[in-house]
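Reader: I am new to reading structures. Can we go through one together, feature by feature?

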Amino acid sequence: MATGAAPDRPTPDGDTDAWWDALRQHRLMFNRCQVCQRPSLYVRAFCPHCWSTDVILEQASGHGLLYTWSVVHQNAPPFADRVPYVAAIVDLIEGLRLMTIIEDCPATELRDGLPVFVAFTDLPDGLTVPVFRPSS
Amino acid sequence: MASRRVAIVGAALSDCGRVPDKTAVGLMAQASRRAVEDAGLTKDAVEGFGSHGALQPPIEVAENLGLRPSWVDSTNVGGSSWEVMAQHAAAAIAAGEIDVALLTYGSTARSDVKRQIRGSTAAMPTAGAMQFEAPYGHTLVAKYAMVARRHMIEFGTTADQLAEVAVAAHEWAAMNELAFDRERLSVADVAAAPMVADPFTAKHICLRTDGGGAVVLAAEDIARDCAKEPVWVLGAAGAASHVSMSQWSDFTTSAAARSGPEAFARAGVTPADIDVCQLYDSFTSTVLLILEDLGFCAKGEGGALIETGVLRPGGALPTNTDGGGLASCHPGMRGMFLLVEAVRQLRGECGERQVLDAELACVSAMGGFFSHSATMILGRH
């Protein structure tokens, strides 16, 4: 389990461990409410729409569309070594929004609605982070 | 229920800019003493007190000032916190719970970086909701830049239109001897500055200064006997949105679209009635969304409106008349400075930068990452 001590290392908790565990298997999940049927992210122990606690993790298709982005040119460590990188908001086709980064895409090819597909970055400490790349 | 009118009767800044010899609490205490003196009151009149602070906020700061308030507030929704506290204080005064409230803010954000007490970027938590953002390095600048990008996508807004927000702020700062950066800028200067998070160069981003301020609110019977002309709280409203950018459904519309219309309705005025604006300018895109969301123009038309120079001295919508966070003062949370400058404009105290015949002011603050909006309408009558 990550300690969360570093600024780029997420700190999972009892409500989110299963979501991060699935990522280690390279599966991107979201919560599906068994009462109102609506999907939700980030994962919580209940549905934020209707407050039902009857939620089940469901695997996302991995397909999404680029909603907005910013090419980051300045940041403090540990991100300083990564600039420039593409901070982005991606909308999954399931109707869910994620903060992420776009990899393997020149800045000139970034555009509204760019189709992207999930990829998985395995961190040295055992956590896996979902990132996105152009679909084709 | 709200039986008494409420006014801002005292307003003051602490030392601002570079203040390496003071602490945040020291700046809050200095601003507080100045604001109470500005009102012509004494500390014994202060029953309500609001501030942030390290230990059991706001009690550590109240204790420093020798106050034992019966009413306290330390709402923290980011930079709009002081508009929220002012709304709360006005409600408590209107209801007769207290007669006088003092609100203060102070930060040594600039000197703390110089002394390496804090880093140059805000340290974000990696737990809770932020566990889903921590891996990616979405800086505060990038979050506001992504808002600008989305506005460009949907409405064709340009970086040069946004740059005019900074140009106008620097025009005002040139007339404010207390402003941190009094050098005039052109749109081309903004574009030529170092790129920080595309499309934002460094000149789309607020300053990092030291500074503080304080305001005193009082019931109308006290306000009429104070040293300065009362500035009446005519309407106030707030609205919370999100802390996680993933939980914001439309990056072109902020919570100001809820706080603004409500504040105007409570004041019984419209944007067309406003003489002077103090709109939170943490970034150029903050002003863009606030202008549209408050109804100064239709959604999507903010870029075209800004481009005409309305925000500048002599423009139809004089905005951020002290130079704003982009050119005058921004120690991390700017809401207090909006209130102080609005009061000074309505009192006619602004010298060269005074907006003629300013009777009605609109203050609108934005906290966090478009997380919270608070709007307040102030007037001379």
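Author: Start with the word contact. Two residues are in contact if their C-beta atoms, placed from the backbone, lie within 7 Å. Keep in mind that this is a predicted model.

Reader: Which residues of α5(B) meet residues of α10(B)?

Author: From α5(B) come B:Tyr144, B:Val147, B:Ala148 and B:His151. Facing them in α10(B) are B:Ser285, B:Thr286, B:Leu288 and B:Leu289. Sorted by class, this contact has five nonpolar residues, three polar ones and no charged ones.

Reader: At what angle do the two helices pack, and how far apart are their axes?

Author: Helix α5 of chain B covers residues 140–155, and helix α10 of chain B covers 284–294. They pack at an angle of about 50 degrees. Their axes are 8 Å apart.

Reader: What word describes how α5(B) and α10(B) lie to each other?

Author: Check the angle against the cut-offs. Under 35 degrees counts as roughly parallel, and 65 to 115 as roughly perpendicular. The angle here is about 50 degrees, so α5(B) and α10(B) are oblique to each other. The crossing has a hand too: α5(B) passes α10(B) in a left-handed crossing.

Reader: Now the two chains. How many residues of chain B are in contact with chain A?

Author: On chain B, 31 residues take part, and they are in contact with 33 residues of chain A. Next, ask which elements supply them. On the chain B side, α5 and β5 (195–197) of chain B each give two or more residues. The largest share, six residues, comes from α5(B). So α5(B) turns up twice: it meets α10(B), and it also gives residues to the side that touches chain A.

Reader: What classes of residue make up that side of chain B?

Author: The side of chain B that touches chain A has 17 nonpolar, ten polar and four charged residues.

Reader: What about inside one chain? Which domains does chain A have?

Author: The domain assignment gives domain 1 (11–59) and domain 2 (61–136) of chain A. Their centres, taken over C-alpha atoms, are separated by 21 Å. Look at the boundary next. Eight residues of domain 1 of chain A are in contact with ten residues of domain 2 of chain A. On the domain 1 side, helix α1 (residues 17–24) of chain A gives the most, with three residues. That side divides into six nonpolar residues, one polar and one charged.

Reader: Let us turn to the backbone. Where are the cis peptide bonds that involve A:Pro78 and A:Pro84?

Author: For a peptide bond, read omega. The bond from A:Pro77 to A:Pro78 is cis, with omega near 5 degrees. The bond from A:Val83 to A:Pro84 is cis as well, with omega near -10 degrees. Now place them. A:Pro78 lies in the loop between β4 (63–72) and β5 (85–92) of chain A. A:Pro84 lies in the loop between β4 and β5 of chain A too.

Reader: And phi? What is the phi of A:Asp104, and what is the phi of B:Phe370?

Author: A:Asp104 has a positive phi of about 55 degrees, although it is not a glycine. B:Phe370 is not a glycine either, and its phi is positive, about 60 degrees. A:Asp104 sits in the loop between β6 (96–102) and β7 (115–122) of chain A. B:Phe370 is in the loop between β10 (360–367) and β11 (372–379) of chain B.

Reader: Is A:Asp104 buried or exposed? And B:Phe370, buried or exposed?

Author: Count other C-beta atoms within 10 Å: 20 or more is buried, 12 or fewer is exposed. A:Asp104 has 10, so A:Asp104 is exposed. B:Phe370 has 26, so B:Phe370 is buried.

Note on methods: Residues are numbered from 1 along each chain as its sequence is written. Chains are lettered from A and ligands numbered from 1 in the order in which they are written. This is a predicted model: local features need pLDDT of at least 70, side-chain atom pairs count only at pLDDT 80 or more; totals for chains, interfaces and linings use all residues. Axes are lines fitted to C-alpha atoms, for helices over the stretch in contact, and angles run from 0 to 180 degrees between N-to-C directions. Helices (H or I, at least four residues) and strands (E, at least two) are DSSP runs, numbered from the N terminus. Angles under 35 degrees count as roughly parallel, over 145 as roughly antiparallel, 65 to 115 as roughly perpendicular and the rest as oblique. A crossing is left-handed if the near helix is turned anticlockwise from the far one by less than a right angle, and right-handed if clockwise. Ala, Val, Leu, Ile, Met, Phe, Trp, Tyr, Cys and Pro count as nonpolar, Asp, Glu, Lys and Arg as charged, and the others, Gly among them, as polar. Domain bounds come from an automatic or database domain assignment.
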